[in-house]
Amino acid sequence: MVHAMVFLFILVTQVSAYRVCPKCGKTKVPYPLSTDDNCGDPRYRIYCNDGGLEFMSAQGFYYKILSINPKTNKLVIKPPSIEEDTCYSSDLDQGGLLLDESLPFNISTRNTVMLFNCSDNILLSPLNCSSSSFCREFEESGEGCGCRGTLCCHFLKDSAMTSHRIRVRVGGCTAYTCVVDKQADDSIESWNFGIELQWLPSF
């Protein structure tokens, strides 16, 4: 009986170890995240490209993964770059960030999204498009300077909104960025730029 239990323990340990993906560069890939068909859970697919981890949207656009917290089932991806001459996000052609709703990832409620170069129609929405909006501070920064003077707004990505999309388009808003866990009195120097995604537990 004891030998059988030891064998079972070794077998389970080997299976568990096999399913955890190897590091990508120097970054650990915690289960259930998967970088290969032979490790992790394939529903939680991320990509190891040139020694760095990336997340792929439903449209096939890759976003650099900045951090992973397996204890909270969350990861943070880098917002798209904003073209200085046009105030267009680099994922504008894809309509912004769109997650595959059949997969276990969604956009968390700790994201403050800032939209830029918006049409007047956005003034009909409940978003904060006032002169005190956080987006005005970003417009004065290096990356945001190309959007200076455009109509911009910000909003907290709360549970009442879709948790699978941040939309941009020509004729709407053409650029965006995002800050994780933004507090009202935070200075721009302390902003944590990123888009926080969370995943459902693997069973």
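Two exercises with worked solutions follow, on a lysine and on aromatic rings.

This is a predicted model, in which local features need pLDDT of at least 70, side-chain atom pairs count only at pLDDT 80 or more, and totals for chains, interfaces and linings use all residues. Residues are numbered from 1 along each chain as its sequence is written, and side-chain values use heavy atoms, with hydrogens and water left out.

**Exercise 1.** Work out which side chain of opposite charge is nearest to Lys-182, and where the charged end of Lys-182 sits.

Begin with the salt bridge, which requires a side-chain nitrogen of Lys or Arg within 4 Å of a carboxyl oxygen of Asp or Glu. The nearest side chain of opposite charge is Asp-186, 5.1 Å away, and Lys-182 has no salt bridge although Lys-182 is buried (under 20% relative accessible area, with exposed over 50% and partly exposed in between, using a 1.4 Å probe and protein chains only). Next, look at the rings: the charged end of Lys-182 sits over the ring of Phe-134, 3.8 Å from its centre (NZ of Lys or CZ of Arg within 6 Å of the ring centre and within 35 degrees of the ring normal).

**Exercise 2.** Classify the ring pair of Tyr-44 and Phe-105.

Rings of Phe, Tyr and Trp (its six-membered ring) pair if their centres lie within 6.5 Å, and planes under 30 degrees apart count as stacked, over 60 as edge-to-face and the rest as tilted. The structure holds seven such aromatic pairs. The centres of Tyr-44 and Phe-105 are 6.0 Å apart and their planes stand at 70 degrees, so this pair is edge-to-face. Finally, Tyr-44 counts as buried at 1% relative accessibility, and Phe-105 counts as buried at 3%.

Methods:
Lys and Arg count as positive and Asp and Glu as negative; His and the chain ends are not counted.
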